[in-house]
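Subject: Structure for your review

Dear colleague,

Please find the structure below, together with its sequence. I would be grateful if you could keep it open while reading the notes that come after it.

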Amino acid sequence: MLVLGLILWPLLDSGLGPGIARRFGWREWPAPKRNVITGTIWIVGIAIIATLTLWSALAPQLCIPWPYNGPVCGA
């Protein structure tokens, strides 16, 4: 899934980016290293992956109640 995301991300960024820029009133979609929107999405994604990794490594028996199919545990 991660590899698929890494492959599709540039395609989504180049395809959807100019439309988003027009909605914001920007002249053009910023370059990848200076783009606040895609940079924020990357950082949030990495933080979610890191949190799930730490949860499964440090507290595998910690379970969160989940209404649909019962508790969700770290490992």
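The notes below describe the helices and then an aromatic pair. Please bear in mind that this is a predicted model.

Helix 1 covers residues 2-24 and helix 2 covers residues 36-58. The two pack at an angle of about 145°, and their axes lie 10 Å apart. Their crossing is right-handed.

On the side of helix 1, the contact involves Leu 2, Leu 6, Trp 9, Asp 13, Ile 20 and Phe 24. These meet Ile 37, Thr 38, Ile 41, Trp 42 and Ile 49 in helix 2. By type, the contact residues divide into nine nonpolar, one polar and one charged. As general background, an α-helix has 3.6 residues a turn, so residues three or four places apart point the same way.

Within helix 1, Asp 13, Gly 17 and Ala 21 are the buried residues, and the buried residues of this helix pack against helix 2. Gly 17 is also the site of a bend of about 40° in helix 1. A proline, Pro 18, follows within four residues.

Just after helix 1 comes Gly 25, which has a positive phi of about 80°.

How many aromatic pairs are there? The count comes to one. Phe 24 and Trp 26 form this pair, which is tilted, with 5.1 Å from centre to centre and 50° between the planes. Is Trp 26 counted as buried or partly exposed? Trp 26 counts as partly exposed because its relative accessibility is 35%.

Yours sincerely,
A colleague

Conventions. Residues are numbered from 1 along each chain as its sequence is written. This is a predicted model: local features need pLDDT of at least 70, side-chain atom pairs count only at pLDDT 80 or more; totals for chains, interfaces and linings use all residues. Side-chain values use heavy atoms; hydrogens and water are left out. Rings of Phe, Tyr and Trp (its six-membered ring) pair if their centres lie within 6.5 Å; planes under 30 degrees apart count as stacked, over 60 as edge-to-face and the rest as tilted. Buried means under 20% relative accessible area, exposed over 50%, partly exposed in between (1.4 Å probe, protein chains only). Axes are lines fitted to C-alpha atoms, for helices over the stretch in contact, and angles run from 0 to 180 degrees between N-to-C directions. A crossing is left-handed if the near helix is turned anticlockwise from the far one by less than a right angle, and right-handed if clockwise. Contact means heavy atoms within 4.5 Å. Ala, Val, Leu, Ile, Met, Phe, Trp, Tyr, Cys and Pro count as nonpolar, Asp, Glu, Lys and Arg as charged, and the others, Gly among them, as polar. The bend at a residue is the angle between axes fitted to the seven residues ending there and the seven starting there.
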